[in-house]
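Student: Please take a close look at one part of this model, the largest pocket, and say what lines it. Add a word on any salt bridge that the structure holds.

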Amino acid sequence: MNQTMEIIQSEFAQASFETFEMVLISMIAAAIFGTILGLVLHLASNPIFYKNKVVNGIAGTIINVIRSLPFIILIIVLQPLARLVVGTSIGPIAASVSLAIAAIAFYARLVEGAFSEVDKGVIEAAVATGAGMPLIIRKVLFVEATPALVRALTVTFVSVIGYSAMAGAVGGGGIGNLAIMYGYNRYETGVLIITVVALVVIVQVGQWIGDKIALKLTRK
């Protein structure tokens, strides 16, 4: 028990910061590039906007390939890219490269679905008034889809937490690495339990916040 507490006191804060670092970078990338990619997928598949089978097919295929790979495989495959981008293939920053790509692909599909749920009648009414496509996208599509986008971002956050834990298996650092290094390899059951509880709490808090925001936006 004393050894477990010593490990937690010396390693847990650093591991938590590394997980925070990975998740923050990945979520920012997903929120920006995942939204753009999801919007492109939706516009390229909708005849009301700019239907383009080639663009939709290429973007969709790339996303499907990324999503079809288990993250533990994806992070290994993308190690050369991480080394090229950040100069190393180990550590939380390097893991963030693969984590961000996985998060972007995951969120992009959810964004596409969120935009597809917007009532077509509302969009057609905006078109009938003579509104331009940029205005419709900003004032109609995004406004109507905002609650769904928040829920999609929440789901992505939960998935990214799981991905970040797996990153520890290949030198990514974070809470997952702490669980593997001490909880599994050194049979420190106490460390394993504490790391699991910490991950569960993070996920539950993130889910609760996302649900509250989405509900508030829906009521409006």
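**Lining of the largest pocket**

Tutor: Two helices, α7 (133-167) and α9 (189-219), each supply at least two residues of the lining of the largest pocket. The model is a predicted one. Of the helices, α9 gives the most to this lining, with 6 residues. The volume of the pocket comes to about 220 Å³.

The full set of lining residues is M27, V150, L153, T154, F157, I202, V205, G206, I209, G210 and I213. By class, the lining holds 8 nonpolar residues, 3 polar ones and no charged ones. Glycine is counted as polar here, and the lining includes G206 and G210, along with T154.

As for charged pairs, a search of the whole structure finds 1 salt bridge. Its partners are R109 and E112, whose side chains meet at 2.7 Å, N to O. The cut-off for such a contact is 4 Å. Both residues sit in helix α5 (residues 92-116), and because they are 3 residues apart there, about one helical turn separates them.

The two partners fall into separate accessibility classes. R109 has 22% relative accessibility and so counts as partly exposed. E112, at 14% relative accessibility, counts as buried, because the limit for that class is under 20%. Neither R109 nor E112 is listed among the residues that line the largest pocket.

Methods:
Residues numbered from 1 in each chain as written. Predicted model: local features only at pLDDT ≥ 70, side-chain atom pairs only at ≥ 80, totals over all residues. Heavy atoms only, no water. 1 Å grid on protein atoms, 1.4 Å probe; cavity = no way out; pocket = protein on both sides within 12 Å on 5 of 7 lines; lining within 4 Å. Points joined across faces, edges and corners; volume = space filled by probe spheres on them. Helix = DSSP H or I, 4+ residues; strand = E, 2+ residues; numbered from the N terminus. Buried < 20%, exposed > 50% of the residue type's maximum accessible area, 1.4 Å probe, protein only.
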